[in-house]
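Me: I'm new to this one. Please pick a single spot for a close look, then walk me outward from there to the rest.

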Amino acid sequence: MEKVAPPALFQNWLSSHIFTPLSGGTFYIALVGSVIFWCLFLFILQSLPSPIRRRLLVVTTFVAGLFYSVEFFWPAEGNRLTGYVEPLGVFLQIMGGFGLGIGIISLCNVHGKAIFRRQPGYYNSIAFFLAFVLMIVASFWQHYVKPDTSMEAVAKQFYSFMFDGLYVPLDSTVFSLLAFFIVSAAYRAFRIRSAEASLMMITAFIVMLGQVPIGMALTNWIPADGPLAGLRLERLTNWILTGLNAAAFRAIIFGAMVGYIAMSLRVWLSLEKGTYFEKEL
Amino acid sequence: MVDLLIRLQHIDRRIIYSLVILSIGIPILIPIDLPVFVSPEAKGLFEAVKTVPEGKLVIIAADWQAGTQGECGPQTRAVIRHLFQTGKRFAIFSIIPIGPELAQKIAEEESKGLGKKYGKDWVNWGFKAGSPLTTLTSLAKNIPGVVKTDINGTPIEKLPAMKNVNDISDVGLIAEFTGSGVFEYYLQRLQGVYGTPLVQGCTAVIAPEQYTYLQSGQLKGLLVGLRGAAEYETLSHVMGEGRRAMTSQSLAHLLVMALIVLGNIGLYASRRRRGASDGQR
Amino acid sequence: MEHASPAAYVVLPLLSAIIVALIFRARAGAFIFIRKIPGIEAMEEAVGRATEMGRPILFSVGLGGIDIITLQAIEVVGHVGRAAARFRNRVIVPLVDPLAIPVVEEVLREAYSSQGAQEAFRSEDVRFLSGEQFAYAAGVVGIMNREQVATSFYFGSFAAEALILAETGQSVGAVQIAGTPSALQVPFFITTCDYTIIGEEYYATTAYLGRDATLMGSVVGQDFGKILLFAVMLLGVLAASVLGPEAQWFAEYVGLWATGGGG
């Protein structure tokens, strides 16, 4: 069972003196103060020479990665960093939420320009704005409508129409396209041009037949307990998927994971090269 | 005749898609109950649900969206029905926003026929925003503290189904249903740390990757796609969506194989013609 | 696991040390060889084809947020951008994560500037579509059909929408090159794309394209890391085979070593 970690370093002091919930005038003062502080900080950062900015970035990246590494390798018992993992996760989530604003601006920019310039297919952009506005209205209305009023039923019906009537079927429909695409892709790709292609096709046939009752019926006559039971299509399929296939997947995943670790190390230690990582700051 | 055979290599996409619609659509209108072979992994999931200790809660992690409800929906429905039939209380939960709403509809439909009551036989914790890893870590230590209210805003302590549910030790099984890669969060933070039994229902597309976890024993059972739902319904002696769809799936698989064979016949015919014309030169 | 198990204490630092050591060895001038990867070799040709046809290029960086896999894809966007900029061709990059917009825009802008083609860069070609998987897929399908892209690149983490994108690319006649560490989508890309870059080849792409010593050294480090893991696996398999299934103590010992006592 899990060993309990003590509170993180200075966590109690920080929770009671710095990160306390604020309200009223204090909240607004803190909000304005934060904005001013960070604007000043960014201004100072911009004024620093480029090599110092880069060094600052390297140190910040290293310290941030070091926190998670040390927290991971430090045993749970006595770990003075685990307490910060949750608040940091929440902080990152909030930062990520602001990204939604960038996305909305981008969408409005692209589609707004298309309508303004009457580009070909601009009616699609009108449809985007219509759907965007209607979905926002439906969601907020059904959430904030006064309960036990006549409008509550209307709001819930409208939301149900937008979500259950439009969004859910549309999402399912796009996923369902896979059924058609898999058939056309298989028809085009499975051609016997080599020995390996033949082997792949035979395996594909066995697995496809072994997954469905009609296929299983072909080898139903083989006794389930006998010595040849392994030749029943469903058993053969199961063996291919859990034996051969699982081994191949493990091999690919091992390689990909080692590559992931290598790139993570490079980014953490600021050794990564490329347009983005070597950009002049 | 040879020209016709050669043209089999290039069957128009629209003909292929029409055949797909017919092979899937006709059996839906004329359902036939085909015998379903139950795989060891589906049996494993069934047994895991059956052997949940008395008094323990089951978590139904509905981590699927509208797009994957064709596969995950019937799986979730089959397991929820089984839980109702065996009198085991469960909580619907998700780290994906839409999952709890979709699963709630399923639970409400199934509860009607079996006389089950919301709040007493099952609850819906809803979607918990935030980093999945931190949410699950906190949930394991303090369920009421993290969940606080159900999907309707009712305080969790007011719901009879949540009596004596404090932390992960009060959970007997986690049944995760998904079409994406969120399963690893449950593995890392719940099954891997506390040893809580974990089972999964997944879409057929991601199933190959899940077999490795089945073999290592980290997963106690697995339902793969619509076939998995059909297998579970067979074990539960119920004629549900999964079993009804098996004829469609069988015909679709046979169609794929037939098209592959036709394509290869066309390839063979064109090779023979090329060989014959080379010989004439 | 929440914290390192005994195996993690040994394997992770060892792997890291090997990778870093080989990076520094490569930087010191050691000769590094990377075998030919056809998919990467074909990128330049694919961009040229799009220019000849007078049609744009589409580059999808997948479903991931700003993570390691997407950062790698963004580096490849830079390379493709530079090749496209030489011919003043467009690269359309539809995105799932809005946080990636400024990053990709900056990379592409730099790529076009480096080739003296600033005026050919259009910021609306880097666009956020949706955070939802199938809404993104539908959007990309729409772009491919409306813009009639001649070349499509799929680099990053993909899920079920991979086949939707690639099959649509097939239907518009695009040359397609895919690279993903998502093992599940590899079969779909192989059947629909002209070239597919699998598993760790994905992480070798930037090393291959740029031939930078650090990246090349890292690729060799990865290979040595894999050899280490393979040796451990072989030892385990031999031990389990010799001891036989009755030796439960061995399975328990390995379990404790791997998970540190968790489930």
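Reply: **A close look at A:Phe10**

A:Phe10 sits in the segment before helix 1 (11–17) of chain A. (Helices, H or I and at least four residues, and strands, E and at least two, are DSSP runs numbered from the N terminus.) Before going on: this is a predicted model, where local features need pLDDT of at least 70, side-chain atom pairs count only at pLDDT 80 or more, and totals for chains, interfaces and linings use all residues. Residues are numbered from 1 along each chain as its sequence is written, while chains are lettered from A and ligands numbered from 1 in the order in which they are written.

So what catches the eye at A:Phe10? Its phi is near 60°, a positive value in a residue other than glycine. A:Phe10 has 13 other C-beta atoms within 10 Å, so it counts as partly exposed. The scale works like this: 20 or more other C-beta atoms within 10 Å of a residue's own make it buried, 12 or fewer make it exposed, and anything in between is partly exposed, with the C-beta atoms placed from the backbone.

A:Arg118 is another case, with a phi near 50°, also positive and also not in a glycine. You'll find A:Arg118 in the loop between helix 4 (82–116) and helix 5 (122–144) of chain A. A:Arg118 counts as exposed because it has 8 C-beta neighbours inside 10 Å.

**Chain A and its contacts**

Zooming out, chain A splits into domain 1 (1–98), domain 2 (120–189) and domain 3 (194–261), with bounds from an automatic or database domain assignment. The centres of domain 1 and domain 2 of chain A, taken over C-alpha atoms, are 38 Å apart.

Chain A touches chain B through 41 residues of chain A and 43 of chain B, where contact means that two C-beta atoms, placed from the backbone, lie within 7 Å. On the chain B side, helix 11 (241–280) is among the helices supplying at least two residues each, and helix 11 of chain B gives the largest share, 13 residues. By class, that side has 23 nonpolar, 17 polar and three charged residues. (Ala, Val, Leu, Ile, Met, Phe, Trp, Tyr, Cys and Pro count as nonpolar, Asp, Glu, Lys and Arg as charged, and the others, Gly among them, as polar.)

Chain A also meets chain C, with 49 residues from chain A and 53 from chain C. Helix 9 (residues 213–243) of chain C gives the most to the chain C side, with eight residues. That side holds 29 nonpolar, 14 polar and 10 charged residues.

**Inside chain B**

Chain B has 11 helices and six strands, and 49% of its 281 residues count as buried. Its C-alpha atoms fill a box of roughly 85 × 35 × 30 Å along the principal axes. The chain is divided into domain 1 (2–31 + 246–280) and domain 2 (40–238), whose C-alpha centres lie 41 Å apart.

Take helix 3 (residues 40–50) of chain B: its buried residues are B:Glu41, B:Ala42, B:Leu45, B:Phe46, B:Ala48 and B:Val49. Seen down the helix axis, they fall within an arc of 160°, so they line one face of helix 3 of chain B. (The arc is that of the directions from the helix axis to the C-beta atoms.) On the other side of this helix, B:Pro40 and B:Lys50 are exposed. What covers the buried residues includes helix 4 (69–85) and strand 4 (171–178) of chain B.

**Inside chain C**

Chain C comes to 10 helices and six strands, with 52% of its 263 residues buried. It has an open sheet of six strands in the order 3-2-1-4-5-6, with parallel pairing; two strands pair if DSSP finds at least two bridges between them. Strand 3 (126–128) and strand 6 (195–198) of chain C are the edge strands, each pairing on one side only. Strand 2 (residues 91–95) and strand 3 of chain C pair in the parallel sense over three bridges, and one bridge partner of this kind in strand 3 is C:Val126, opposite C:Val93. Helix 8 (residues 201–210) of chain C lies across strand 5 (175–180) and strand 6, running at about 105° to strand 6 of chain C. (Axes are lines fitted to C-alpha atoms, for helices over the stretch in contact, and angles run from 0 to 180 degrees between N-to-C directions.)
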